[in-house]
Amino acid sequence: MKLILIGFGSVGQGFVQILRDKRADLAARYGFTPQIAAVVTRTRGSLYHPNGLNLDALLTDFAAYPDTPGLVRGWDAARIVRDCPADVMLEASPTNFETGQPALDLCRLALEHGKHIVLANKGPVAVAYRELNALAHSSGRAFRFEGTVMAGTPSLRLGMQALAGCTITAARGILNGTTNYMLTQMENGVPYADVLAQAQQLGYAEADPTADVDGWDAAAKAIIVAQALFNKKLTFADMDVRGISHLTPPDIDAARAAGERWKLIATVTPEGGSVQPTRLPLSHPLAGVSGSTNAITYTTDLLGDVTLIGSGAGRIQTGFALLSDVLEIFTKFTPSFTQ
Ligand code: HSE
């Protein structure tokens, strides 16, 4: 299987690191021996090799990738997606919450050129879920986006696959790793600006972290959940969104004095949703979800509430989401595959 990787920041590098470190295991257990045919970055150009790029060299220093026979440098993303023979395009470039671009056009192009698409980038899924889903159906290709919600924790797979047959009427949870990490650290007395810087260093925050602290990242995830699970078109205009940037140390102290804790809670139903900082009693199940860990509770007709707790952000954690989607495509589209 040949892969094109758009974006080589924290998530893209995490994915390549997993492929390198688990190469033997993936080959032995699944017969899965993928090649990264091309990597496209925003600021450091692109690399393409028809026989696959060297993963160690990519991870050591992208800018110093050695010249080898057959290596092509500098093609733009559209040319690579159009002209490189590959099975899957992975999109892990920074999210544009307003337009989904430039990733959205690349997704359209990839599907038009017979490539499956796998996204960790939330923008195109939040903005154009229905269009991409329809395009994927008509081209017989897969459209997967597990990494857009709760990193590699299989929140979407749980709702879309494991709970298939249930009617899900609501989803509620902690869907942003950056703010949950910040709230946990602020309870320990670390100032707001310092914890935000830490969340950026740890690779949790968006390229523009106002999307995290003002609630838009959590809102985008709630919209993705709604579109994927309720088959209902929701937009940011349907969401009542407030972040954590106005919370002060006295607010944190007041909650603690009352035996409560602030959490940024996203809620979504087929009618709409909200993202709101909320004081929860310490006995509430979501009050104990700390650091960059996230949680989602699906309310279902046949099982009642089902809750999943796991990593919400991070380099390897989101890199794994890409792997899980690519492996699913591999097993589904490889006729000879048997487990
Ligand atoms: N900035 C996001 C977060 C990354 O903190 O949750 C994972 O989507």
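**Exercise 1. The ligand shell**

Identify which helices each supply at least two residues of the shell around the ligand, and then describe the polar surroundings of the ligand in this predicted model.

*Solution.* Helix H8 (177-187) and helix H11 (216-230) each supply at least two residues of that shell. The next step is to list the residues around the ligand, which are Lys-122, Asn-176, Gly-177, Thr-178, Tyr-204, Ala-205, Glu-206, Asp-212, Asp-217, Lys-221, Gly-312 and Ala-313. Turning to individual atom pairs, a backbone N or O atom of Gly-177 lies 2.7 Å from an oxygen atom of the ligand, while a polar side-chain atom of Asn-176 lies 3.4 Å from an oxygen atom of the ligand. On the side of Glu-206, an N or O atom of the side chain is 2.7 Å from a nitrogen atom of the ligand. The ligand taken alone exposes 260 Å², and the protein buries 93% of that area. Finally, the space that the ligand takes is the largest pocket.

**Exercise 2. The setting of helix H5**

Determine why helix H5 (residues 103-112) can be called largely enclosed, and state which elements are included in its cover.

*Solution.* Begin with the residues: Ala-103, Leu-104, Leu-106, Cys-107, Leu-109, Ala-110 and Leu-111 are buried in H5. Because seven of the ten residues of the helix are buried, H5 is largely enclosed by the rest of the structure. The cover over these buried residues includes strand E1 (2-6), helix H4 (77-83), strand E5 (88-91), strand E6 (116-119) and helix H6 (122-139). After H5 comes Gly-114, which has a positive phi near 75°.

**Exercise 3. The loop before H5**

Describe where Ser-93 and Pro-102 lie, and work out what surrounds Ser-93 and which peptide bond leads to Pro-102.

*Solution.* Ser-93 lies in the loop between E5 and H5, and Pro-102 is placed in the loop between E5 and H5 as well. With a relative accessible area of 17%, Ser-93 falls under the 20% limit and therefore counts as buried. The side chain of Ser-93 is joined to that of Glu-91 by a polar contact of 2.8 Å. When neighbours within four places in sequence are left aside, Ser-93 is in contact with Ile-6, Gly-7, Ala-103 and Asn-121. As for Pro-102, the peptide bond that reaches it from Gln-101 is cis, with omega near 0°. Most peptide bonds are trans.

**Exercise 4. Positive phi outside glycine**

For Ala-151 and Asn-231, decide whether each residue is buried or exposed, and give the loop in which each is found.

*Solution.* Most residues other than glycine have a negative phi. Ala-151 has a positive phi near 45° and sits in the loop between strand E7 (143-144) and helix H7 (155-162); its relative accessible area of 2% makes it buried. Asn-231 has a positive phi of about 50° and belongs to the loop between H11 and strand E9 (239-241); with a relative accessible area of 55%, Asn-231 is exposed.

**Exercise 5. A residue of strand E10**

Characterise Ile-265 by its burial, its contacts and its separation from Cys-107.

*Solution.* Ile-265 is found in strand E10 (residues 260-269) and is buried, with a relative accessible area of 2%. Leaving aside neighbours within four places in sequence, its contacts are Arg-172, Gly-173, Ile-174, Ser-274, Val-275, Gln-276, Thr-278, Leu-280 and Leu-286. Between Ile-265 and Cys-107 there are 30 Å in space, C-alpha to C-alpha, and the two residues are 158 residues apart in sequence.

Technical notes:
Residues numbered from 1 in each chain as written. Predicted model: local features only at pLDDT ≥ 70, side-chain atom pairs only at ≥ 80, totals over all residues. Heavy atoms only, no water. Buried < 20%, exposed > 50% of the residue type's maximum accessible area, 1.4 Å probe, protein only. Helix = DSSP H or I, 4+ residues; strand = E, 2+ residues; numbered from the N terminus. Contact = heavy atoms within 4.5 Å. Near = heavy atom within 4 Å. Polar contact = N/O pair within 3.5 Å; in protein donor to acceptor, adjacent residues only side chain to side chain. Areas by Shrake-Rupley, 256 points an atom, 1.4 Å probe, with all protein chains shown as cover. 1 Å grid on protein atoms, 1.4 Å probe; cavity = no way out; pocket = protein on both sides within 12 Å on 5 of 7 lines; lining within 4 Å. Sits in = over half its atoms within 2 Å of the grid points.
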